Amino acid sequence: MKAAVFWGCRILTGQYAYEMSVREVMPKLGIELVDLRESLCCGDPVKSVNDFSATYLSARILALANLTGAKNMLVPCNRCHFTISEAKSLIDSDPKINKKIKVMLREEGLEYDPDVKIWHVIDLLHDFVGLSHIKKAVVKPLKNLKLTSHVGCQILRYTDLGRVDSAEDPRKLDELIEAVGAEVVDYQEKLDCCGAHLLLSHVDSALSLTGTKLKALQALGVDGLVVSCPDCGLMFDTKQRDAGTTMGAKLTVPVFYYTQLLGLALGIEQERLGLQLNQSPVDAVLSKVSA
Amino acid sequence: MGLTDLMSMAKPTDESRKKVLAKLKSKGFLNCFQCMKCTSGCTALKLLELKPHEIEKLVNFGFVDELVASDIIWTCATCLKCVERCPQKASPYHVIVALRNMAVEREAKIPEAFMKAVSQILETGLAEAPQKVTTRKMKTCDRDSLKLPKICAPKESFQTIFFKALEER
């Protein structure tokens with residue numbers, strides 16, 4: 001499959017490990033990624049300021065995807081995936097907005113195509129590539145690892161929009177983790193939010209949400225947490241130490257992007273997957289995997 | 001000022017309530033029957049005392065101006081659980097977004113980071129500037145040294161049109 005890829009801000013400006021690992025694993029599984037002509041915000045932070053402009057930004061991204069000729073667009077960020085999906089549903093259902101948006105896009109010679117399908121890493125791997133294909137491609141199964149998953153909020157909700165997995169009982173990421181040979185541990189706090197959006201207004205509360213979840217995971221004694229969203233990666237990995245300080249606790253939960261683990265199982269070198277960039281204590285797990 | 005303080009001297013206005021309704025378009029928010037499913041699952045309830053069912057009721061009663069001026073609308077973590085779980089499709093999240101938009105229109109005090117993101121997007125297309133990061137061994141890296149492709153800014157024409165979009169009500 002040829003897929004246009006829209007990264008959004010957070011991946012392009014800091015969560016480089018996610019970008020590196022997605023760029024590495026997708027071609028190995030038959031997905032050819034085509035970057036958009038320009039880098040742009042999906043509109044998420046703009047939603048709170050002016051909802052219509054957010055819709056315009058998302059529409060412009062869909063129009064840029066249209067330029068690549070691909071009928072599929074991969075959006076690895078949960079927040080971007082939601083913002084673009086909601087904008088698309090609005091443009092497709094509200095003739096007034098549809099007209100307004102099309103006029104604005106035409107000013108730049110851009111065209112909106114309602115048939116571009118939006119994918120996230122999780123459903124692209126689970127539903128399109130398929131678990132059996134992934135299992136066959138694995139050369140180095142991640143044995144003896146007990147992992148937990150954090151799917152994040154915005155690719156699960158709200159169902160009416162058509163989301164990536166079940167809102168209350170998501171399993172796809174767990175199944176993907178099992179497909180690379182690791183064991184998955186379920187836990188009570190699975191659906192709790194990472195708190196990233198609150199970084200914009202209430203930093204301490206944001207870090208408390210992150211820290212509370214990590215503390216619960218630490219008590220479980222698992223080998224690590226698997227995420228697939230740059231916001232969640234930022235909170236649980238990059239800001240784990242800050243979350244610990246806020247909570248007055250020493251947090252030591254190794255955090256990985258799913259695509260990093262998949263890459264390891266596919267035999268890709270650690271450096272190419274950005275594993276040197278994880279800020280949480282991942283070294284013990286890495287030596288276990290490479291042993 | 002807390003929501004309760006604002007309410008103690010408040011008078012409902014139907015005009016502001018209608019403005020919120022217009023922003024919500026077809027969303028069935030008037031159907032809220034105060035079951036509190038939203039509040040019981042709200043991510044921001046424990047830490048920041050956000051009670052989405054109260055927001056719904058206050059808007060329905062016409063206490064919109066007070067909400068728009070209050071900090072409480074900026075405590076939502078946008079986890080979307082309230083949208084998912086509302087049996088009446090009253091969607092507190094969308095009501096909160098509408099109230100935030102009104103706060104901006106009225107030039108009320110809003111968290112700085114939002115306006116900063118917007119001006120950054122106008123300038124560069126992205127809400128943040130690319131950062132240098134460090135490895136666990138304290139080596140500094142950026143997109144270049146990680147062999148990631150260059151970021152391409154949008155064409156100049158984008159700025160004008162985005163600016164126009166921001167003036168839409």
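**Group meeting: helix α8 and the sheet of chain A**

Okay, let's start with a helix: the buried residues of α8 in chain A are covered by, among others, α7 (121-137), β5, β6, β7 and α12 (258-265) of chain A. Before I go on, keep in mind that this is a predicted model.

So which residues of α8(A) are buried? They are Lys172(A), Leu173(A), Asp174(A), Leu176(A), Ile177(A) and Ala179(A). That's six of the eight residues, so the helix is largely enclosed by the rest of the structure. And right after α8(A) you hit Gly181(A), which has a positive phi of about 105°.

Now, where does this helix sit in the fold? α8(A), residues 172-179, is the helix of a right-handed β-α-β unit, with β5(A) and β6(A) as the strands.

Let me stay with β5(A) for a bit. This strand covers residues 146-150, and four of its five residues are buried, so β5(A), too, is largely enclosed by the rest of the structure. On one hand we have β6(A), residues 183-184, which runs parallel to β5(A) and is joined to it by two bridges. If you want to find them on screen, Lys146(A) is opposite Glu183(A), and Leu147(A) is opposite Val184(A).

Then there's β7(A), residues 224-227. How many bridges join β5(A) to β7(A)? Four, and again the two strands run parallel. Leu147(A) turns up here as well: its bridge partner in β7(A) is Gly224(A).

Put the strands together and you get an open sheet of four in chain A, in the order β6-β5-β7-β8, with parallel pairing. The edges are β6(A) and β8(A), the latter being residues 255-257, and each of these pairs on one side only.

Last thing, the contact between the chains. Chain B puts in 49 residues and chain A puts in 45. Looking at the chain B side, the helices that each supply at least two residues are α4 (45-48), α7 (81-85), α8 (92-105), α9 (112-124) and α10 (156-166) of chain B. Watch the labels there, please: this α8 belongs to chain B and spans 92-105, while the one I opened with is 172-179 of chain A. And what classes of residue does chain B bring to that surface? There are 33 nonpolar residues, along with eight polar and eight charged ones.

That's what I have, so let's look at the model together.

Conventions: Residues numbered from 1 in each chain as written. Chains lettered and ligands numbered in written order. Predicted model: local features only at pLDDT ≥ 70, side-chain atom pairs only at ≥ 80, totals over all residues. Buried ≥ 20, exposed ≤ 12 C-beta atoms within 10 Å, placed from the backbone. Pairing = 2+ DSSP bridges. Right-handed = clockwise from strand over helix to strand, strands pointing away. Contact = placed C-beta atoms within 7 Å. Nonpolar A, V, L, I, M, F, W, Y, C, P; charged D, E, K, R; others polar.
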